[in-house]
Amino acid sequence: MLRRVYGVDLGTSSVKIYSLSKNKKYMQKNMVAIRNGRQVIAVGNDAYEMYEKTPRNIQVNCPIQNGKIANISVMEVGLYSLLKKIEPYTPFGAVMYFTVPVDATAIEKRAYFTVANGSMLQNNKVLMVESPIADALAMGISPQESKGSMIVNIGAQSTELSVIAGGKVIISKSLQLGGMKMDEGIISEIRKNYNLHLGRRTAHRLKTAVGRLNTQSKEARKVVGIDSVSGLPREETVSSVVVNEGISSCVDEIAKEIKTFLERTPPQIAYQIAQEGIYLTGGSTRLPFIESYLGNDTGYSFKLSGLYEQCTIQGLEKIIQDSGLQQWASPIRQRKL
């Protein structure tokens with residue numbers, strides 16, 4: 001009874017935390033700024049403000065790569081700092097529900113336990129919820145009753161394709177495609193068309209401002225980058241046509257992978273998916289017209305979730321609040337040597 005309860009979704013772009021005691025969700029950028037390889041100087045949104053603006057002795061990194069924990073110690077520092085902003089630390093520990101990819105190995109799953117029970121965070125009970133299950137619950141899909149539901153979660157660095165039927169995830173695949181790949185496509189197209197090199201943050205802002213995946217919409221924005229020939233700063237007016245070309249190359253790859261994935265799905269379940277439509281969620285689905293673009297490429301209808309990057313943490317909130325949904329959370333324990 002003395003333990004606090006949290007739902008935690010560790011994403012490449014941002015960390016989402018749900019606090020049961022406050023009945024509130026929090027979101028911060030998943031960034032940690034480190035000086036000289038050991039001194040943490042900023043976490044979350046503060047660290048993101050320093051991204052691409054730091055001297056050589058300060059690195060701003062994300063401890064999550066392709067949806068999985070890549071740096072345990074840095075992730076622990078980041079999670080501890082964010083939890084401390086929500087509520088004061090308690091020695092009694094907490095119950096933490098983490099979302100994990102379906103294809104995570106046993107070692108990758110134990111990394112979540114290590115993050116929650118390291119040098120800074122201790123005495124915490126850790127439970128694991130598969131990400132597609134949390135997404136399904138948030139979008140009103142009953143995993144037990146589903147005869148075949150496909151969920152596509154497009155995140156910052158990875159896209160997870162999953163099919164739920166008969167109360168479990170029967171098939172899943174993780175792709176190294178997402179919002180950051182779209183940003184790289186924009187950078188590449190602008191370098192090719194304007195001989196101008198942009199940073200990732202500028203490319204992301206362009207994607208948000210004029211990215212539409214709609215050829216009928218033509219806009220332009222002024223940006224400042226580095227001239228590829230002279231190496232000097234230069235201002236340029238960039239057309240939305242060029243931006244959309246960079247974005248569409250990544251979205252085309254996702255559409256191709258979806259079609260290949262559906263070919264591996266049992267026919268009776270694929271038929272059910274075709275009747276029901278494919279559920280689309282994730283932070284990178286904020287891109288306007290992405291559901292119709294994917295629909296035209298694949299021939300399937302898509303249902304876009306309005307929860308976007310909040311979808312998975314919304315599913316965790318439902319599991320935490322409803323004792324009848326606890327079956328979807330399984331404990332992660334420390335391995336005994």
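Helices (H or I, at least four residues) and strands (E, at least two) are DSSP runs, numbered from the N terminus. The model on display is predicted, and the tour below moves through it by element.

**First stop: the enclosed space**

Begin with helix α2, residues 72-86. This helix supplies three residues to the lining of the largest cavity, the largest share. The count of cavities of 30 Å³ or more comes to one, and the space in the largest cavity is about 150 Å³. Add β1 (4-10) and β9 (94-100) to the selection; together with α2, these are the elements that give two or more residues to the lining.

Next, show Y6, L83, Y89, T90 and L121 as sticks. Of the 15 residues that line the largest cavity, these five lie nearest its centre. Colouring the lining by class gives eight nonpolar, four polar and three charged residues.

**Second stop: helix α4**

Select residues 131-138, which form helix α4. Is this helix mostly covered or mostly uncovered? Helix α4 is mostly covered, with eight of its eight residues buried. The buried set consists of S131, P132, I133, A134, D135, A136, L137 and A138. Continue just past the end of α4 to G140, where phi is positive, at about 85°.

**Third stop: C311 in helix α10**

Keep α4 visible and select C311, which belongs to helix α10 (residues 311-321). C311 counts as buried because its relative accessibility is 1%, under the 20% limit. Which residues does C311 touch, leaving aside those up to four places away in sequence? The contacts are A134, D135, A138, M139, T281 and S305. Among them, A134, D135 and A138 are also buried residues of α4.

Now draw a distance from the C-alpha of C311 to that of G283. The separation is 8.9 Å in space, whereas the two residues lie 28 residues apart in sequence.

**Last stop: the hairpin of β15 and β16**

Finish with residues 220-227, strand β15, and residues 233-239, strand β16. The two strands run antiparallel and are joined by seven bridges. To inspect the pairing, select K222 in one strand and T237 in β16, which stand opposite each other. Then follow the chain into the turn, where five residues lie between the strands. Within this hairpin, G231 takes a positive phi near 80°. G140, visited earlier just after α4, likewise has a positive phi.

How values were computed:
Residues numbered from 1 in each chain as written. Predicted model: local features only at pLDDT ≥ 70, side-chain atom pairs only at ≥ 80, totals over all residues. Heavy atoms only, no water. Pairing = 2+ DSSP bridges. Buried < 20%, exposed > 50% of the residue type's maximum accessible area, 1.4 Å probe, protein only. Contact = heavy atoms within 4.5 Å. 1 Å grid on protein atoms, 1.4 Å probe; cavity = no way out; pocket = protein on both sides within 12 Å on 5 of 7 lines; lining within 4 Å. Points joined across faces, edges and corners; volume = space filled by probe spheres on them. Nonpolar A, V, L, I, M, F, W, Y, C, P; charged D, E, K, R; others polar.
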